[in-house]
Amino acid sequence: MPTVSMKVNGQSVSHDVADNTLLVTFLRETLGLTGTHIGCDTSQCGACVIHVNGASVKSCTMLAAQANGADVTTIEGIANGDELHPMQQAFHENHGLQCGFCTPGMIMSAIELVETNKNLSEQDIREGLEGNICRCTGYHNIVKSVQDAAQKMGG
Amino acid sequence: MYATDYVKAADVADAAAKLAAADDGKLLAGGQTLLPTLKQRLASPDKLIDLAGCGLSSISKSGDAIKIGAMTCHADVANHKDVAAANPGLASLAGGIGDRQVRNCGTIGGSVANNDPAACYPAAVLALGGTIHTSKRDIAAEDFFVGMFETALDEDEIITAVTLPTPQKSAYIKFPNPASRYAMVGVFVAQFADGVRVAVTGAGEDGVFRASDIEAALTAKFDAASLDGMTMSEDGLMGDIHASPAYRAHLIVEMARRAVAAC
Ligand SMILES: Cc1cc2nc3c(=O)[nH]c(=O)nc-3n(C[C@H](O)[C@H](O)[C@H](O)COP(=O)(O)OP(=O)(O)OC[C@H]3O[C@@H](n4cnc5c(N)ncnc54)[C@H](O)[C@@H]3O)c2cc1C
Ligand code: FES
Ligand code: FES
């Protein structure tokens, strides 16, 4: 079993895992970071979205070994102590979640979206979140949350 | 996923050697097709050879063409200034593949090598008359796409880059499958000094193909109205739960019309 090392939420981790271990499995089962969810088998739902070297990716569609040496951020790594990330706060205030299953992936995708484009139109947000499926909200309040967060994040 | 060995190749020669040495080795690029396939246990390669460290991610513009390294991800093509300026159809095609997360990982080499009959890139490569550079040779687009999920690549051959000639005008319009975002029908229109080339993906039973009637009509006059009243034969078109051959035939002309209007 090879050793996989990476930085996760600022902390260096190193573990021996089987070569066919998905990154999401490494996060959830090896590291116990269960905030990243698994919602499908087909790489389509986005519940597993995290950041690898700053880019949003589906952690169910990447091997842990591919992230060897990378800088990884998960939903557990974005708050500042007890202070929620502006995107988390905005989802909370705008009722951007119901059951919450899609929310970690939705938030990680939305943060990357806002960080790469400060002037997002509603259409940009809807298209930018194409890879994240929500069964509950109808997306309306998710879009409102992202618009609100974009302003607070300096948009 | 079945057990497998993961190795990272140092360069193309190393990847080729590792591929040749494996019983049933598979190259791993962005993983956006291969990993879902492995998760569903539809393949069981004994070795996965990762191309990520081979220095194949690059975009360079020469006078009349753009060369894209095989490991360049869709997002990089979509967001590259030179691509947007020289070949807007190509930029919008790359920017419309799947979703942001797929575009951050998936690569042009993987897309072209896979030759999914509903994939977007094959339409651009064929319409632009591109060249596929490999570890062994250069292959013209016309000779590369052989059939559904089939290419001219040898078992141990690696795509290193794709060169795409710069057209005067280009556009790609797809009718996306609402669930997967793959093309139910996608049409790439490219106008060159010596004529118009049109390639269709998502529709053909043998994968991507050129639409010669549409090309002739648009070469005569590059105007969406040139396609008024045109019908496509259903012969050789796919029919599935998403669309019948007749519906796809209709969509081809309609997507071509929209592509010309977008040029
Ligand atoms: C949710 C979702 C939506 C998608 N939507 C679209 C869409 O709308 N349009 C579209 O076109 N595609 C779509 N795709 C597919 C996506 O574009 C893939 O990225 C692409 O088809 C494969 O590229 P990859 O780099 O991920 O290759 P991989 O999955 O790593 O590899 C695919 C195949 O190509 C081989 N290969 C890879 N690189 C090379 C190389 N350099 N030389 C030789 N062989 C190689 C591999 O061995 C493997 O057999 C979607 C995928 C997902 C998961
Ligand atoms: S779990 Fe559904 S996309 Fe990753
Ligand atoms: S809040 Fe339930 S899936 Fe989105």
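# Strands, a shared face and one asparagine

B:Y172 stands opposite B:F188 in β12(B). Let's start from this pair and work outwards.

The model is predicted, so local features need pLDDT of at least 70 and side-chain atom pairs pLDDT 80 or more, while totals for chains, interfaces and linings use all residues. Residues are numbered from 1 along each chain as its sequence is written, chains are lettered from A and ligands numbered from 1 in the order in which they are written, and side-chain values use heavy atoms, with hydrogens and water left out.

**Exercise 1.** Find the strands that pair with β12(B).

*Solution.*
- Strands are DSSP runs of E with at least two residues, helices runs of H or I with at least four, both numbered from the N terminus. Two strands pair if DSSP finds at least two bridges between them.
- On one side, β11 (residues 169-176) of chain B pairs with β12(B) in the antiparallel sense over eight bridges. Six residues separate the two strands of this hairpin, and B:R181 in the turn has a positive phi of about 75°.
- β13 (residues 195-201) of chain B is also antiparallel to β12(B), with seven bridges. Here the hairpin has two residues between its strands.
- B:F188 links the two pairings: B:Y172 stands opposite this residue, and so does B:A199 in β13(B).

**Exercise 2.** Decide whether strand β12 (residues 183-192) of chain B is enclosed or open.

*Solution.*
- Buried means under 20% relative accessible area, exposed over 50%, and partly exposed in between (1.4 Å probe, protein chains only).
- Ten of the ten residues of β12(B) are buried, so this strand is largely enclosed by the rest of the structure.
- Try the count on β10 (residues 159-165) of chain B too: six of its seven residues are buried. β10(B) runs antiparallel to β5 (residues 65-69) of chain B, with five bridges, and to β6 (residues 131-134) of chain B, with four bridges.

**Exercise 3.** Describe how chain B meets chain A.

*Solution.*
- Count contacts first (heavy atoms within 4.5 Å): 27 residues of chain B touch 26 residues of chain A.
- Next comes buried area, the accessible area (1.4 Å probe) that two parts lose on being put together, summed over both. The two chains bury about 2,100 Å² between them, 50% of it on carbon and sulfur atoms. B:K39, B:R100 and B:Q101 supply 32% of the area that chain B buries against chain A, more than any other three residues.
- Then look for salt bridges (a side-chain nitrogen of Lys or Arg within 4 Å of a carboxyl oxygen of Asp or Glu). There are three between chain B and chain A. B:R181 forms a salt bridge with A:E130 (3.3 Å, N to O).
- Finally, α2 (34-39) and α6 (100-105) are among the elements of chain B that each supply at least two residues to the side touching chain A. α6(B) gives the most, with five residues.

**Exercise 4.** Which residues surround B:N115?

*Solution.*
- Place B:N115 in the loop between α7 (108-114) and α8 (121-127) of chain B.
- This asparagine is buried, with a relative accessible area of 1%.
- Beyond four places in sequence, the residues in contact with B:N115 include B:P122, B:F145, B:G147, B:F149 and B:V208.
- The C-alpha atoms of B:N115 and B:F149 are separated by 4.7 Å, although these residues are 34 apart along the chain.
- The side chain of B:N115 also reaches the backbone oxygen of B:G147 at 3.0 Å.

Technical notes. Contact means heavy atoms within 4.5 Å. A polar contact is a pair of N or O atoms within 3.5 Å; within protein, one must be able to donate a hydrogen and the other to accept it, and residues adjacent in sequence count only if both atoms are side-chain atoms.
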